[in-house]
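Please read the sequence alongside the three-dimensional structure, and keep both in view while following the paragraphs.

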Amino acid sequence: MKEFKHFINGHYVASASGNTFENRTPVDNSLIGLVHEAGKAEVDAAVRAAHAALRGPWGALTQAERTALLNKVADRINQRFDEFLDAECRDTGKPRAMASHIDIPRGAANFKAFAETVANQPTEGFRMDTPDGRGAVNLGHRTPKGVIAVIAPWNLPLLLMTWKVGPALACGNTVVVKPSEETPATTTLLGEVMNECGVPPGVFNVVHGFGPDSAGEFLTQHPLVNAITFTGETRTGEAIMRAASVGLRNISLECGGKNPGIVFADCDLEKAVEGTMRSAFVNCGQVCLATERVYVERSIFPKFLARMKEEVAKLRSGRPEDSDANFGPLVSLEHREKVLSYYRLAVEEGATVEIGGGVPDMGAELNDGAWIEPTIWTGLPDDARVIREEIFGPCCHIRPFDTEAEVIALANDTEYGLAAAIWTENSARAYRVAEQIEAGLVWVNSWFLRDLRTSFGGAKQSGIGREGGIHGLEFYTELKNICVKL
Ligand code: NAD
């Protein structure tokens, strides 16, 4: 039986309590292995190892040495690509075709990109006048923040975890990672890679477990944790913010979304259909940036809806390794229950189910998995819960609109503010509308097109702070102004 242990101070360790929980694949609900659940003792050991490592060989490395080490980590992930791919696909059920293009390569690239960004970052300097005429020089000097707690979700496990671990280590911090209880495998495997590359013990640590009254809570409450970076649900973000308030620790929160897609009549229809299909259904809709509300200008509404239904009908559910399949299961049976409760609610709230709406028959071998049908609704009122709450499944509601002002108001009528996609060939309109959207990310004629040098994060209840490029520096470093009187 495979066991997923904690990775503390360069060693894999079991929980002293002997507590474990099952890790099952959503493909057919078969058992992958047992995950050790960290108690306070393991979390304390991991945080203390991370704290000590700051003052060990890691803390003495030059920026160039750190950059070289992180490049080695990225290369080693790519050398062990198939192992990471197998592990990620087993945990999540996602198609190999997707994980081999997105999850694993981008997960590795995060180490290189952030090492490069941090190494090339200039610092601020101000020369000032003084009454004696000699002046003074101010120089911004950045130091690592210390021990960073990384709390990660399950939808893009390796990619979203390294998106935080990459910049944290590039800035010279040490980390304790708590991967999602649903997807422990790739984070555990990364411990081996760290050892193989010669990353000193204690720099990268992993503790497994759940949130409340488990590893997540113990980690965020630990007094030697200097800052917490979290990706997950908004309500969990609130709990983490409360924990971080004790001792005034810094937080970076990347939370939920209820993202609009806006399709103007002057769009390239096929581009808009292809992009909206991806934004609603890739990764079985389990992407924080996913479009769950689609607004289409009335004159093209019937045509757009018909094309979307045609494309949804072509999606093929199947095992990750099935090359004909491009649509995986949800991450777990529990999450499927949540998404299905919204499928039922949509009908109760008056939706027309245009396509999907249920559970497919996958045959005896797969029917125990977390399979679900991709779904499109129309006809819901704007105040329906299905329109207002994040579902995090393969579904969207499509509604017609008449004017630009109307659609901007509809798009902004949400407590979330993560992302939006606008489809139009009129670039003046695209920019005008984008400027008025209350979100951290707006794509025009694309979706999820990411340059790692740019900012990433949400407005309103979608989060606090920006990561990506130099933006993470504010979070991952302490900025000290050194003023030298001449
Ligand atoms: P989640 O909030 O349930 O869990 C995320 C992580 O937090 C897990 O590791 C979990 O164990 C841990 N956790 C839960 N309660 C905790 C607590 N009280 N203290 C400390 N840790 C705790 O989220 P999820 O279901 O894993 O992921 C889906 C959510 O993540 C969606 O809402 C999605 O929008 C969001 N998400 C956001 C982004 C983004 O960049 N904005 C990216 C991906 C996912």
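What follows moves from the annotated parts of the chain to its helix packing, and then to some individual residues.

This is a predicted model, in which local features need pLDDT of at least 70 and side-chain atom pairs count only at pLDDT 80 or more, while totals for chains, interfaces and linings use all residues. Residues are numbered from 1 along each chain as its sequence is written, and side-chain values use heavy atoms, with hydrogens and water left out.

UniProt, in an unreviewed entry, places the feature "domain: Aldehyde dehydrogenase" at residues 12-482; UniProt positions are given in the numbering used here, feature names are shortened, and annotations may be inferred rather than shown by experiment. Over residues 12-482 the chain is 39% helix and 21% strand, and the C-alpha atoms at the two ends are 42 Å apart. Helices (H or I, at least four residues) and strands (E, at least two) are DSSP runs, numbered from the N terminus.

The UniProt annotation "active site", also from an unreviewed entry, covers E254, and E254 is found in strand β12, which spans residues 250-254. Is E254 buried or exposed? E254 is buried, because its relative accessible area is 6%, and buried means under 20% relative accessible area, exposed over 50%, and partly exposed in between, with a 1.4 Å probe and protein chains only. Leaving aside residues up to four places away in sequence, E254 touches W163, K164, F230, T231, G232, F456, S462 and E467, where contact means heavy atoms within 4.5 Å.

W163 also leads into the helix packing, as it is one of the residues of α7 that meet α6. Two packed helices are described by the angle between their axes and the distance between the axes. Axes are lines fitted to C-alpha atoms, for helices over the stretch in contact, and angles run from 0 to 180 degrees between N-to-C directions. Helix α6 (residues 103-119) and helix α7 (residues 157-170) pack at an angle of about 15°, with their axes 8 Å apart. That angle makes α6 roughly parallel to α7, since angles under 35 degrees count as roughly parallel, over 145 as roughly antiparallel, 65 to 115 as roughly perpendicular and the rest as oblique. The crossing of α6 and α7 is right-handed; a crossing is right-handed if the near helix is turned clockwise from the far one by less than a right angle, and left-handed if anticlockwise. By class, the contact of α6 with α7 has 13 nonpolar, 4 polar and 2 charged residues, where Ala, Val, Leu, Ile, Met, Phe, Trp, Tyr, Cys and Pro count as nonpolar, Asp, Glu, Lys and Arg as charged, and the others, Gly among them, as polar.

Helix α6 also packs with helix α3 (residues 63-79), at an angle of about 170° and with the axes 8 Å apart. That makes α3 roughly antiparallel to α6. In this contact, residues of α3 including L70, V73, A74 and I77 meet residues of α6 including I104, F111, A115 and V118, and by class the contact of α3 with α6 has 11 nonpolar, 4 polar and 2 charged residues.

Helix α7, in turn, comes within 10 Å of helix α8 (residues 185-197), axis to axis, and the two cross at roughly 40°. That makes α7 oblique to α8, and the crossing of α7 and α8 is right-handed. P157, L158, M161, T162 and L169 in α7 meet T186, T187, L190 and M194 in α8, and by class this contact has 6 nonpolar, 3 polar and no charged residues.

Further along the chain, helix α15 (residues 404-412) has E404, V407, I408, L410, A411 and N412 buried. The buried residues of α15 pack against β13 (259-263), β14 (291-297), β17 (395-401), α16 (427-436) and β21.

Two loop residues deserve a look at their backbone. Most residues other than glycine have a negative phi. Phi of D213, however, is near 55°, a positive value in a residue other than glycine, and D213 lies in the loop between β10 (204-206) and α9 (215-221), where D213 is exposed with a relative accessible area of 60%. N445, not a glycine either, has a positive phi of about 55°; N445 is placed in the loop between β20 (441-444) and β21 (459-460), and is partly exposed at 24% relative accessible area.

Finally, V484 is found in strand β23 (residues 477-485) and is partly exposed, with a relative accessible area of 43%. Residues up to four places away in sequence aside, V484 touches A136 and V137, while the C-alpha atoms of V484 and T352, 132 residues apart along the chain, are separated by 69 Å.
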